[in-house]
Amino acid sequence: SSLLRSVKTLARPTTARAYSVDSVPSRKVTVLGAAGGIGQPLSLLMKLNPLVSQLALYDIGGTPGVAADVSHINSRSEVAGYMGDDQLGQALEGSDVVIIPAGVPRKPGMTRDDLFNINAGIVKSLCTAIAKYCPHAIVNMISNPVNSTVPIAAEVFKKAGIYDEKKLFGVTTLDVVRAKTFYAGKANVNVAEVNVPVVGGHAGVTILPLFSQATPKANLSQDDIQALTKRTQDGGTEVVEAKAGKGSATLSMAYAGAIFADACLKGLNGVPDVVECSYVQSTITELPFFASKVRLGKNGVEEVLGLGPLSDYEKEGLEKLKPELKSSIEKGIEFAKKN
Ligand code: NAD
Ligand code: LMR
């Protein structure tokens, strides 16, 4: 027992240092749209993240309540709520990571592109404020249509002269989360061990899961692969229909958004080998924006990773998605240039 005691004594300082708040850098995270269906559970999950020291919750309404509620949780970050245009600057000032789930969600029968008219304007005004108040922050774009809102953000930042392609991310993590869940069910493997890259974009056929690269390996039939691909591509619509007019995915999206923001924070803090799929400025195809595996680091994107070997079915899917993704990108760029 005295040996045990000395081992414990030896172990204590190391453990204490490893978990000491002092050794974890201060990081401010801002959520824009924090009172919404995604914003509220996402704010909760960010409050639980020990890498966050300051959590700023902004929306056009409702944030005092959300912030008061979340702030009572006994975790590291200090929480503040901000409401309305005149408090947006304060919400953004000094922010390291800005997460944007602001905007309207789909109802049954709508495509994500049907949200363009409303959400493009929201994203443009929020990104204008980001350029002014925290030009060096990492931006996690959740607002749909992601295929267009990311190019809009890039144009706004270019106009403001602060665009850094390494810091702008379209959040496609929910597609990966779905692909993992559906694959594990079909392949009958432990979902906690599953990895599946999802590339392309974030709408219908532009979502291309690469099940040929899924691990652990399973001998699925081509019919199974096609069904899994379709279910992943239609995952958002499955939720929209089940919610029957009450919006789209919020809880699974909050989870996915929290995973991606955590990866960005780890990258900023110098944790090695942080890799997630994301929709970023890219040269791995002829399209200027494309989702693929990305290595995250101290400056945001450290490396955009290639597609890896594709099956014939995936090669076909890749060619099929390009025209739609291209036109969504052009639509976003055109909007930002005109407005
Ligand atoms: P919601 O309507 O429940 O919440 C949106 C929130 O945004 C509201 O609280 C609203 O007040 C706020 N808002 C509106 N204009 C704003 C502005 N100018 N500034 C700040 N806040 C503003 O919607 P939701 O279900 O949370 O979805 C939000 C967006 O996320 C939608 O566009 C949806 O399509 C998208 N989404 C994306 C993914 C993805 O995988 N990337 C997944 C799910 C949903
Ligand atoms: C999703 O994939 O769940 C989101 O993009 C929301 C939607 O409209 O489907």
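In this predicted model, the largest contribution to the shell around ligand 2 comes from helix H9, residues 235–243, which supplies four residues. The full set of residues around ligand 2 consists of Pro105, Arg106, Arg112, Asn144, Leu174, Gly235, Gly236, Val239, Val240, Ser248 and Ala249. Sorted by class, this shell holds five nonpolar, four polar and two charged residues.

Ligand 1 has 32 residues around it, and those that come nearest are Gly33, Gly36, Gly37, Ile38 and Asn144. Here the largest share of the shell is provided by H5, with three residues. The class make-up of the shell around ligand 1 is 17 nonpolar, 13 polar and two charged residues. Asn144 is thus a good residue to look for on screen: it is listed among the nearest residues of ligand 1 and also appears in the shell of ligand 2.

Asn144 has a further feature in its backbone. The peptide bond that leads from Asn144 to Pro145 is cis, and its omega is near -5°. Pro145 itself sits in the loop that runs between strand E5 (138–141) and H6. A cis peptide bond is also found from Thr215 to Pro216, with omega near -10°. In that case the proline, Pro216, belongs to the loop between strand E8 (207–209) and helix H8 (222–233).

Helix H5, which contributes to the shell of ligand 1, also packs against H6. Two packed helices are described by the angle between their axes and the distance between the axes. For H5 (residues 116–133) and H6 (residues 146–159), the axes come within 9 Å and cross at roughly 35°. The crossing of H5 past H6 is right-handed. On the H5 side the contact is formed by Phe116, Asn119, Ala120, Val123, Lys124, Cys127, Thr128 and Ala131, and on the H6 side by Ser148, Thr149, Ile152, Ala153, Val156 and Phe157. Taken by class, the residues of this contact comprise nine nonpolar, four polar and one charged.

Strand E5 brings the description to Asn140, which is placed in that strand. Asn140 counts as buried because 26 other C-beta atoms lie within 10 Å. Leaving aside residues up to four places away in sequence, Asn140 touches Val97, Ile99, Ile100, Phe169, Val171, Gly257, Phe260, Ala261 and Cys264. Asn140 and Pro101 are 39 residues apart along the chain, and their C-alpha atoms are separated by 8.7 Å.

Gly300 offers another buried position, this one in strand E11 (residues 300–304). Its burial follows from 22 C-beta neighbours inside 10 Å, so Gly300 passes the cut-off of 20 or more. Beyond residues up to four places away in sequence, Gly300 touches Ile138, Lys166 and Lys167. Between the C-alpha atoms of Gly300 and Leu168 there are 8.1 Å, although these residues are 132 residues apart along the chain.

Leu305 lies in the loop between E11 and helix H11 (312–338). With 15 C-beta neighbours inside 10 Å, Leu305 counts as partly exposed. Its contacts, not counting residues up to four places away in sequence, are with Ser292, Lys293, Val294 and Arg295. Of these, Arg295 is ten residues from Leu305 in sequence, and the two are 7.1 Å apart in space, C-alpha to C-alpha.

Two loop residues have a positive phi. Asn188, a residue other than glycine, has phi near 55°, and Asn188 lies in the loop between helix H7 (173–187) and strand E7 (198–200). Asn188 counts as exposed because it has 7 C-beta neighbours inside 10 Å. Asp273 likewise has a positive phi, near 55°, in a residue other than glycine. The loop that holds Asp273 joins helix H10 (251–268) and strand E9 (274–281). Asp273, with 10 C-beta neighbours inside 10 Å, also counts as exposed.

As to confidence, the protein averages a pLDDT of 94, and 94% of the residues score at least 70. The scores of the model are ipTM 0.99 and pTM 0.94. Residues 1–19 need some care when browsing the structure: pLDDT stays under 50 there, and the model has one contact beyond four places in sequence for this stretch. Where pLDDT is low, the predicted coordinates should not be read in detail.

Technical notes
Residues numbered from 1 in each chain as written. Chains lettered and ligands numbered in written order. Predicted model: local features only at pLDDT ≥ 70, side-chain atom pairs only at ≥ 80, totals over all residues. Axes fitted to C-alpha atoms, helices over the stretch in contact; angles between N-to-C directions. Left-handed = near helix turned anticlockwise from the far one by under 90°. Contact = placed C-beta atoms within 7 Å. Nonpolar A, V, L, I, M, F, W, Y, C, P; charged D, E, K, R; others polar. Near = placed C-beta within 6 Å. pLDDT = per-residue confidence, 0-100. Buried ≥ 20, exposed ≤ 12 C-beta atoms within 10 Å, placed from the backbone.
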